Amino acid sequence: MRTPLRPLARILRARDTGENPDLIERENLARRHEAISDRQHARAAARLGLLALAFGAFYLTIGIRMGHLAASEPMEPVASAPGAEIVAQRADITDRNGRILATNMTTHALYAHPADMVDPKGTASQLAEIFPELDAAQLERRFTDGRKFVWIRKVLSPEQVQKVHEIGDPGLLFGPREMRLYPNGTLAAHVLGGYAFGAEGVHSAEVIGTAGIEKAMDARLRDPAQGGTPLALSIDLSVQATVEEVLSAGITMLNARGGAAIIMDVNTGEIIAMASAPTFDPNDRPVPLVSKDAEPSDSPLFNRAVQGVYELGSTFKIFAAAQAMELGLVNPDTMVDANAPMIWGKHKIKEFEGKNYGPLLSVTDVIAKSSNVGTAHIALMIGPLRQQAFLKSLGFFEPTPLELVEAPGAKPLIPRKWPEIVTITTSYGHGMSASPMHLAAAYAAIANGGIYLKPTLLKQDGPAKGVRVLSESVAAEAVRMLRGVVTHGTASLAEVPGYEVAGKTGTADKPKKSGGYYKDKVINTFASVFPASDPRYVVLVTLDEPVDTSGPKPKRTAGWTSVPVAAEMIRRVAPILGLRPKVELAQDSTLTAAQN
Amino acid sequence: MRPVLYVLTFLGLIALGFWAYRENYATQTALREVRALQSEIADLREALSVQRAEWAYLNRPDRLRELAGVNFDRLGLLPMEPGQFGTPAQVAFPVPEIPAIEGPSDTIGGVTAVEDTAADQAEAIAAGTAEEGL
């Protein structure tokens, strides 16, 4: 019922009494507004209540679900992604073609609960029979001294498991174990490194990398999200096997203490093969040497290709020549002073065996004949600051960025001060030390047209991006000079028909621990690129204390040691890499004519 | 009418209960089957990884090299050499067979030249293969 705003009865009465009838209207109006606002208030309250209820239900649902998730046992999802959770924990490592280099295998660990043992003494002696490295008396003591739990062995073969089962003692128990397996044995051992068990429990044990790429890429290999996808390395298994075979044959033939070889793709920076000898079996990694007198390089664990920081000798000369050409100081035919011996202050710079190639020699011949004096004069034209900057741009001042845990530790040895005599010695590879990997990366920069690429052990999808350090024409000129070393210089034994090998030899005396150099201990390096007309690969061979005794006089220069080894390596590896030898093809045109 | 409706509802309820009961057990069976299959998959995966490892172990390069050496008499395998690359020109293509022409066939120019044409063809092809052999 709508009440009128001006009820006639009251108005009349008000008029009679002389009151203002408008007041009545206002009063009624106020009352009506009050009623309206009451109604709206109630409706708003109801809506808010409903909203609160909805939110309450929403949060309650989430809360219950969270509580349920927290309190319930985790269960593998039944219908989704069958088997995804079963995949082995640690990712496999494969070569660039997907062949397995490291994988996992399920085996058993053996432990004992001595309290449950029926016959501790008999069990101990039988176990000692199965595992010769265990001592029966010691085992028995451990079984009987009251402890509740004894680890016996970390990894058992299936045959050993069967034999332990046959003992039949209820106190002997097995725990599942995932172990790392390197099916290729010693192959690429220095790249792979090794593994060990981390935290160990009865039901499982952590497998962690201890060296090489296993340790450097540990986080990636253990990442459960990537457990199913193997880590593809840039290594090619067949090439690696061949390189190791040739290298070890060369070391045996030349009575070297060790050696290293690297094959690198110049366009991607990928390391196709990397070998260091002597080597080891990562399945049964030897213990590192601990004695103080032992040099690290005595251990087979020492990766000469990356950790072997030595003076690399004349292989450095091409950098001086290339930089001088880049700066426009010389061209390949410029004659430079090569009159030996060269006197610089109190230093005397001599040539190999006191020869003199001078008085003048073209830059090409400085490289081909490996003239120290000629290179020294070129380096003096460049000057210390520019020389340092160039070597820095080639990566010689930093450890290699290789994906190996050993790589960051192998810092090049750089002289602290850089007077002009250091400029001279560095130009022919003395006074500063770097690893063969540094040298391979720098040669790759020359070979690929002047772009420095970071060497990598991981498979790359395409050509990598790098920093330009030389112009293309200078790089090509430098490769031509290196080719000259092989065609009419110190590395004539490197000629492999069809593959146009270009390279530079380097012979450096080994430094004594007490200072100075050994007279008859050398490190021989041959850094090469092939094919020279369109360089694809860098091949680097370095040998530690090699000596060629085939002639009447022992020969210790790289030309007689590292070079033939590298040549044989190229001859064997190039066909595997799919490179055709360049030969003149005759009668091509007559054939097409005959076809029709 | 109403009693009939009651009875029908009741029967419907029983039917639904029966269906739910069956579905429940069917689900449980399916779940059990999935669990069995999953453990089978796990076993097979493990076997697969063992076999892959074994394949890699048996095909390790030094073993293959040794086997190639042992079986040299039968297989005569040697390491790859640069000289083993060939060109398509060195492939001996099979001599194409020339279909025999039986009886004189009618051509536009007349029948007399038929035999000569066949002989010419054979000769041309023989010459071609001879040159190809070079």
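Ser370(A) sits in the loop between helix H12 (363-369) and H13 of chain A, where helices (H or I, at least four residues) and strands (E, at least two) are DSSP runs, numbered from the N terminus. This residue has a positive phi of about 60° although it is not a glycine. Ser370(A) counts as buried because 28 other C-beta atoms lie within 10 Å; the cut-offs are 20 or more for buried, 12 or fewer for exposed and partly exposed in between, with C-beta atoms placed from the backbone. The model is a predicted one, in which local features need pLDDT of at least 70 and side-chain atom pairs count only at pLDDT 80 or more, while totals for chains, interfaces and linings use all residues. Residues are numbered from 1 along each chain as its sequence is written, and chains are lettered from A and ligands numbered from 1 in the order in which they are written.

Next comes H13(A) itself, which is mostly covered, with 9 of its 11 residues buried. Among the buried ones are Asn372(A), Val373(A), Gly374(A), His377(A) and Ile382(A). Just after the helix comes Gly383(A), with a positive phi near 90°. Helix H13 (residues 372-382) packs against helix H15 (residues 420-427) of chain A at an angle of about 130°, the two axes being 8 Å apart. Axes here are lines fitted to C-alpha atoms, for helices over the stretch in contact, and angles run from 0 to 180 degrees between N-to-C directions. H13(A) and H15(A) are therefore oblique to each other, since angles under 35 degrees count as roughly parallel, over 145 as roughly antiparallel, 65 to 115 as roughly perpendicular and the rest as oblique. On the H13(A) side, Thr375(A), Ala376(A), Ile378(A), Ala379(A) and Leu380(A) meet Glu420(A), Thr423(A), Ile424(A) and Ser427(A) of H15(A); contact means C-beta atoms, placed from the backbone, within 7 Å. Sorted by type, the residues of this contact are 5 nonpolar, 3 polar and 1 charged, with Ala, Val, Leu, Ile, Met, Phe, Trp, Tyr, Cys and Pro taken as nonpolar, Asp, Glu, Lys and Arg as charged, and the others, Gly among them, as polar.

Now for the sheet. Five strands of chain A form an open sheet in the order S9-S8-S20-S19-S18, with antiparallel pairing; two strands pair if DSSP finds at least two bridges between them. Strand S9 (271-277) and strand S18 (502-511) stand at the edges with a single partner strand each, so one side of each has no neighbour in the sheet. On average, neighbouring strands are turned by 10° against each other, direction ignored. Helix H16 (residues 436-447) of chain A packs on this sheet, touching strand S8 (258-265), S19 and S20, and its direction makes about 150° with that of S20(A). Helix H18 (residues 562-576) of chain A lies across S8, S18, S19 and S20, running at about 140° to S20(A).

At one edge of the sheet, S9(A) is mostly covered, with 7 of its 7 residues buried. S8(A) and S9(A) run antiparallel and are joined by 6 bridges, and Gly259(A) stands opposite Ala277(A) in S9(A). Their hairpin has 5 residues between the strands, and Gly269(A) takes a positive phi near 80° there. Ala277(A) also leads into a cis peptide bond to Pro278(A), with omega near 0°. That proline, Pro278(A), lies in the loop between S9 and helix H10 (304-307) of chain A.

Something similar turns up between S19 and S20. Strand S19 (residues 517-530) and strand S20 (residues 537-544) of chain A pair in the antiparallel sense over 8 bridges, and Phe530(A) has Tyr537(A) in S20(A) as its bridge partner. Phe530(A) is joined to Pro531(A) by a cis peptide bond, omega being about -15°. Pro531(A) is found in the loop between S19 and S20.

Elsewhere in chain A, Ala188(A) has a positive phi near 55°, again in a residue other than glycine. Ala188(A) is placed in the loop between strand S4 (172-181) and helix H6 (189-192), and is buried because 30 other C-beta atoms lie within 10 Å. Asp16(A), by contrast, belongs to helix H1 (residues 8-17) and is exposed, with 8 other C-beta atoms within 10 Å.

Chain B has 4 helices and 0 strands, so to speak an α-α-α-α run from the N terminus on. Of its 134 residues, 1% count as buried.

How values were computed: Contact = placed C-beta atoms within 7 Å.
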